[in-house]
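Work through these short exercises with the model open. Try each task before you read its solution.

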Amino acid sequence: APSDSGVRQFEIIDLVQSWAGTTAERTPRTLALVSPTEGIMPRLIDFYSNEAPATVRPRLRIFYLPRAEGGLP
């Protein structure tokens with residue numbers, strides 16, 4: 001039910017930074033979420049489908065910060 005839903009955030013900066021050294025043909029088009037306790041402690045993470053109401057559908061938000069050029073911040 002929507003009342004049990006909430007915002008979940010996953011930092012994927014290391015993954016995205018690793019794509020910087022690849023070509024467009026080799027850049028991955030998928031992302032897998034893996035639990036550190038996978039295989040040890042079974043848990044379930046369900047996402048609503050893209051046919052669900054917009055308020056509960058999964059969303060991906062990407063922030064882009066340009067690289068600082070030289071000098072101290």
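**Exercise 1: Ser-49 and its surroundings**

Find the residues that Ser-49 touches, leaving aside its neighbours within four places in sequence.

Solution. Ser-49 is in contact with Arg-57 and Pro-58. Contact here means heavy atoms within 4.5 Å. Keep in mind that this is a predicted model. Next, place the residue: Ser-49 sits in the segment after H1. Now look at its side chain. A polar atom there lies 3.1 Å from the backbone nitrogen of Glu-51.

**Exercise 2: Classify Ser-49**

Is Ser-49 buried, partly exposed or exposed?

Solution. Start with the cut-offs: buried is under 20% relative accessible area, exposed is over 50%, and partly exposed is in between. Ser-49 has 40% relative accessibility, so it counts as partly exposed.

**Exercise 3: Two leucines**

Classify Leu-31 and Leu-60 in the same way.

Solution. Take Leu-31, in the segment after helix H1 (13–18). Its relative accessibility is 41%, so Leu-31 counts as partly exposed. Turn to Leu-60, also found in the segment after H1. Leu-60 has 65% relative accessibility and therefore counts as exposed.

Then check a distance. Leu-60 and Phe-10 are 50 residues apart in sequence. From C-alpha to C-alpha, Leu-60 and Phe-10 are 9.8 Å apart in space.

**Exercise 4: The surface**

Which residues make the nonpolar surface patch of about 530 Å²?

Solution. Go through the members in order: Phe-10, Leu-31, Leu-33, Ile-45 and Phe-47. Now take the whole protein. It exposes about 7700 Å², and carbon and sulfur atoms supply 58% of that area.

**Exercise 5: The whole chain**

How many helices and strands does the protein have, and what share of its residues is buried?

Solution. Count the elements: one helix and zero strands. Then take the share: 4% of the 73 residues count as buried.

Terms used: Residues are numbered from 1 along each chain as its sequence is written. This is a predicted model: local features need pLDDT of at least 70, side-chain atom pairs count only at pLDDT 80 or more; totals for chains, interfaces and linings use all residues. Side-chain values use heavy atoms; hydrogens and water are left out. Buried means under 20% relative accessible area, exposed over 50%, partly exposed in between (1.4 Å probe, protein chains only). Accessible areas come from the Shrake-Rupley method with a 1.4 Å probe; for residues, only the protein chains shown count as cover. Patches are made of residues with over 30% relative accessible area and no salt bridge: like charges are joined within 9 Å, nonpolar side chains (Val, Leu, Ile, Met, Phe, Trp, Tyr) within 5 Å. A salt bridge is a side-chain nitrogen of Lys or Arg within 4 Å of a carboxyl oxygen of Asp or Glu. Helices (H or I, at least four residues) and strands (E, at least two) are DSSP runs, numbered from the N terminus. A polar contact is a pair of N or O atoms within 3.5 Å; within protein, one must be able to donate a hydrogen and the other to accept it, and residues adjacent in sequence count only if both atoms are side-chain atoms.
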